[in-house]
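Here are a few exercises on domains, pockets and cavities. Have a go at each one before reading its solution.

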Amino acid sequence: MNKMLYNNRIMERENLINIEDRGYQFGDGIYEVIGVYDGKPLMLDEHLERLERSAGEVKLSLPGTIVDLKSKLEELVAANGLQEGIIYMQVSRGSAARWHEFPASDVSPVTVAYTRAEERMSEIEDQGATAVLTEDIRWLRCDIKTLNLLPNVLAKQKAVENNAIEAILHRGDLVTEASASNVFIVKDGELFTHPANNFILNGITRKKVLQLCDGLGVKVNEKTYTVKDMLEADEVFITATKLDVVPILKIDDRTIGTGEPGKMTRQVLQAFRTLY
Ligand code: PDD
């Protein structure tokens, strides 16, 4: 895993961060995390499309084309001989003297990417996990995958301190998503998930699950639901890159449904596994 992508070059991994990189100082940049299964990045086009959208929303012009970036990322996976794991990539607005406003137009964005080997999460996907609840204190553009993740970091830390896999976020009564995943509930044979608006990141896994449900004939409602609805749901699961689909069996002290992974969650997980 010792090769990295730095702008347009695959090179030995080393620490090249400039202390005035705007990603480092302001979180002024965007990122993607892409799962790699059997040596192949999963849904790479969809991740790169989202990267392009995030760039547009923060007025950052990506250096080079998405097609070039795609082939560089594939080259990186091959150079590192990665079979199972993730690609992390980010594009910051570049390095310049620290002033809040955008730097002069001759400052170029900085792209970095590296890979990390990770086992598949099959056991946790089959067995399920627990979650905690916490208030969603993020800004109002959660649809952009930016480097500003401090509220997500604090929420995930709360989960870990409570031996939980995730922190499910709510704004007042309404469930939005989780610190690094999207949330689905099952009620009376139908799925519910927060609509893809500014309050959530429209997960690539989430979108794929919606497509798969279409094929399975499962009705999905992209509608908001309350914390109470979730705690009283028959099933709850989360989706994210590499975690895929994880049943949530308990939230804080409350057991969800039977306390076992539910039928619909298992059906969705099984369908997802046919993708790799
Ligand atoms: N996070 N919501 C948030 C806030 C996320 O950070 C993520 C993913 C998701 C799921 O998106 P996707 O299905 O595209 O991975 C939803 C990545 C994995 C991370 O930050 O590590």
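**Exercise 1.** How many Å separate the centres of domain 1 and domain 2, taken over C-alpha atoms?

*Solution.* Keep in mind that you're working with a predicted model.
- Start with the split: the protein chain falls into domain 1 (3-117) and domain 2 (122-273).
- Now take the centres over C-alpha atoms, and you get 27 Å between domain 1 and domain 2.

**Exercise 2.** Work out what domain 1 and domain 2 share where they meet.

*Solution.*
- Count contacts: 26 residues of domain 1 touch 17 residues of domain 2, with heavy atoms within 4.5 Å.
- Next comes area. About 1,800 Å² is buried between domain 1 and domain 2, and 58% of that is on carbon and sulfur atoms.
- Who supplies it on the domain 1 side? Tyr31, Met43 and Arg50 give 34% of the area that domain 1 buries against domain 2, more than any other three residues.
- Then look at charges: there are three salt bridges between domain 1 and domain 2.
- While you're on salt bridges, check Lys242 and Glu84, whose side chains pair up in one at 3.7 Å, N to O.

**Exercise 3.** Describe the largest pocket: its volume, its lining and where that lining comes from.

*Solution.*
- The largest pocket holds about 1,000 Å³ of space.
- Its lining has 38 residues, and the ones nearest the centre are Tyr31, Val33, Lys145, Ser179 and Ala180.
- Several elements give two or more residues to this lining, including strand E3 (29-37), strand E5 (85-92), helix H6 (204-216) and strand E13 (235-240).
- The largest share, four residues, belongs to H5.
- Sort the lining of the largest pocket by type and you get 18 nonpolar, ten polar and ten charged residues.
- Finally, map the lining onto the domains: domain 1 and domain 2 each put in at least three residues.
- Tyr31 therefore turns up twice in these exercises, once among the residues nearest the pocket centre and once in the domain 1 trio.**Exercise 4.** Why does the largest cavity lie between domain 1 and domain 2?

*Solution.*
- A search of the whole structure turns up one cavity of 30 Å³ or more.
- The largest cavity has a volume of about 50 Å³.
- Among the residues lining the largest cavity are Gly35, Tyr37, Met43, His47, Thr205, Lys242 and Phe272.
- By type, the lining of the largest cavity breaks down into five nonpolar, four polar and two charged residues.
- Domain 1 (3-117) and domain 2 (122-273) both give residues to that lining, so the largest cavity sits between them.

How values were computed. Residues are numbered from 1 along each chain as its sequence is written. This is a predicted model: local features need pLDDT of at least 70, side-chain atom pairs count only at pLDDT 80 or more; totals for chains, interfaces and linings use all residues. Side-chain values use heavy atoms; hydrogens and water are left out. On a 1 Å grid over the protein atoms alone, a cavity is a set of points where a 1.4 Å probe fits but cannot get out, and a pocket is an open set with protein on both sides within 12 Å along at least five of seven lines; lining residues have an atom within 4 Å of a point. Grid points are joined across faces, edges and corners, and a volume is the space filled by probe spheres set on the points. Ala, Val, Leu, Ile, Met, Phe, Trp, Tyr, Cys and Pro count as nonpolar, Asp, Glu, Lys and Arg as charged, and the others, Gly among them, as polar. Domain bounds come from an automatic or database domain assignment. Buried area is the accessible area (1.4 Å probe) that two parts lose on being put together, summed over both. A salt bridge is a side-chain nitrogen of Lys or Arg within 4 Å of a carboxyl oxygen of Asp or Glu.
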